[in-house]
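Me: Please give me a close look at the enclosed spaces inside this protein. I should like to know what lines them and how they sit within the fold around them.

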Amino acid sequence: MNKKLNIAIIGQKFMGRAHSNGWKQAQNFFSLNAEPVLKVACGRNETELKKFADRWGWSEISSDWKSVIERDDIDIVDIATPTHLHHEMVIHAAKHGKHIFCEKPFALNLAEAESMLEAVNSSNTVNYLNHNYRRCPAIVLAKKMISEGKLGTIYHLRSTYQQDWLADPNAPMGWQLDSKLSGGGPHIDLGSHCIDLAHLLIGEISSIGCLQAHFVNERKTNDNRTQKVDVDDASIMSVEFTNGAVGSFECTRYASGRKNRNQFEINGSEGSLVFDLEKMNELDYFSNNDNSSEQGFRKIIVTDPSHQYASNWWPPGHIIGYEHTFVHAVADFINAVVGNQTIHPNFQDGVNCMRVLDAANLSAQSGQRVNI
Ligand code: SOE
């Protein structure tokens, strides 16, 4: 592997760490057509940034992401920042002909998303939007089974994404609770994952109804001020799909006891599938075609060499975790860049997702269903 691709990452918190782990691990487990080089880490807090760069092996640090993006020796820009920075960074990276690996949520709103898509469409580069759950082996298997007709005609998608890190009213204020920085609460933070998976597994959405709740209206900041929370605390959506299926989505960060439970059930004419991120190596399958006396949900352990990504890791039953989905994303992205190929989800998928989420916000404000 003689080709190298130099990466500049912007952001060194949770997603900066998850992405850095992906950039470092991918070549150890996947056949890459180029070597990812951890070149520059960009951020604001120089002390924290130096520690981050030293820990993860980034060669340089910079507090000036714009000039880093403009460097001729940078091939890939990895945007791992809070959502409000994505638009400006994507436009600048596209303008300078860089391949872009962007963390979800794509943008603050549909208008930003569409201008970001337009920017990359006029540059001959690869763009990827990191809805990482698409790269859980169990989700890949679910998509394969649905595409092969194992569930028949799809009737229902029932999706919940529950966390509980804000259930305590005394939990501090953060950027995720300020709509100018986050674009919304769990509606966009978690709902974007749910809608992306719905688009992947079921198809396009034709109408939506949404109810959003606000539980805690102000919180203490780290410097002991009180700041208004201006995002949803829970979002409940009901949708019609263009193929006739119906769906429900519940997104909250107040579900005490649920730490990161992205779960869904799909019901079709031939059977059902259940996925639960807290059991991410499993897929529960019920087939109407099983012998009636033996029917029941059976648990598929998605670690067999026949399951995508599984054979790159360990023997059957040696399960993988959350961080592996980022390694899968990096491996697929690197090879897409070398082959100048489209990788999904891309920025068009991001626009499609934001279109649904923005329509849902309109519904929540009007109390009416909205056609998409
Ligand atoms: C917080 O809700 C969060 O970090 C999300 O932003 C991520 O997308 C999700 O994967 C885990 O939880």
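Reply: The chain is built from eleven helices and 17 strands, and the model described here is a predicted one. Its radius of gyration is 21 Å, in agreement with the value near 21 Å that a compact globule of 372 residues would have. Taken along the principal axes, the C-alpha atoms fill a box of roughly 65 × 50 × 40 Å. Of the 372 residues, 56% count as buried.

Within this fold there are two cavities of 30 Å³ or more. The largest cavity holds about 50 Å³ of space. Its lining consists of Asn-281, Val-302, Thr-303, Ala-310, Trp-313, Trp-314, Pro-315, His-318 and Ile-320. Sorted by class, that lining has six nonpolar residues, three polar residues and no charged ones.

The second largest cavity has a volume of about 40 Å³. Around the second largest cavity stand Leu-157, Ser-159, Cys-194, Leu-197, Ala-198, Leu-201, Asn-262 and Phe-264. Three elements each give two or more residues to this lining: strand E7 (154-162), helix H9 (191-201) and strand E13 (261-268). H9 provides the largest share, four residues. The class count for the second largest cavity is six nonpolar, two polar and no charged residues.

Helix H9 deserves attention in its own right. Eleven of its eleven residues are buried, and the helix is thus described as mostly covered. The buried residues include the cavity-lining Cys-194, Leu-197, Ala-198 and Leu-201. Gly-191, Ser-192, His-193, Ile-195, Asp-196, His-199 and Leu-200 of H9 are buried as well. An α-helix has 3.6 residues a turn, so residues three or four places apart point the same way. Just after H9, Gly-203 takes a positive phi of about 135°.

Cys-194 leads on to the cysteines. A disulfide is a covalent bond between the sulfur atoms of two cysteines. The structure holds zero disulfides. Cys-136 is in none, and the nearest cysteine sulfur to its own, that of Cys-194, is 13 Å away; the cut-off for a disulfide is 2.5 Å. Cys-136 is buried, with a relative accessible area of 0%. Cys-210 is likewise in no disulfide, the nearest cysteine sulfur being that of Cys-251 at 8.8 Å. The relative accessibility of Cys-210 is 11%, and Cys-210 counts as buried because the limit for that class is under 20%.

The open space is a separate matter from the two cavities. The largest pocket contains about 1100 Å³ of space. Its lining comprises 40 residues, of which Lys-13, Ala-80, Thr-81, Pro-82 and Trp-175 lie nearest the centre. The elements that give two or more residues to this lining are H1, helix H4 (86-95), helix H7 (179-182) and helix H8 (186-189). By class, the pocket lining has 18 nonpolar, 16 polar and six charged residues, whereas the lining of each cavity has no charged residues.

Helix H1, one of the elements that line the pocket, also takes part in an aromatic contact. A search of the whole structure finds 18 aromatic pairs. In one of them, the rings of Trp-23 and Phe-101 have their centres 5.2 Å apart and their planes at 55°, so the pair is tilted. This pair links distant parts of the chain, with Trp-23 in helix H1 (residues 14-29) and Phe-101 in strand E5 (residues 99-103), 78 residues apart. Both Trp-23 and Phe-101 are buried.

A further tilted pair is formed by Phe-106 and Phe-347, at 4.6 Å centre to centre and with 45° between the planes. This pair, too, links distant parts of the chain: Phe-106 lies in the loop between E5 and helix H5 (110-121), and Phe-347 lies in helix H11 (residues 347-366), 241 residues apart. Phe-106 and Phe-347 are both buried. In addition, Phe-14, Tyr-133, Tyr-161, Tyr-322 and Phe-326 form one aromatic cluster.

To return to the request, the enclosed spaces are two cavities of 30 Å³ or more. The largest has a lining that includes Trp-313 and Trp-314, and the second largest draws the largest share of its lining from H9.

Notes
Residues numbered from 1 in each chain as written. Predicted model: local features only at pLDDT ≥ 70, side-chain atom pairs only at ≥ 80, totals over all residues. Heavy atoms only, no water. 1 Å grid on protein atoms, 1.4 Å probe; cavity = no way out; pocket = protein on both sides within 12 Å on 5 of 7 lines; lining within 4 Å. Points joined across faces, edges and corners; volume = space filled by probe spheres on them. Nonpolar A, V, L, I, M, F, W, Y, C, P; charged D, E, K, R; others polar. Buried < 20%, exposed > 50% of the residue type's maximum accessible area, 1.4 Å probe, protein only. Phe/Tyr/Trp six-rings, centres within 6.5 Å; stacked < 30°, edge-to-face > 60°. Rg over C-alpha atoms; globule rule 2.2 N^0.38 Å.
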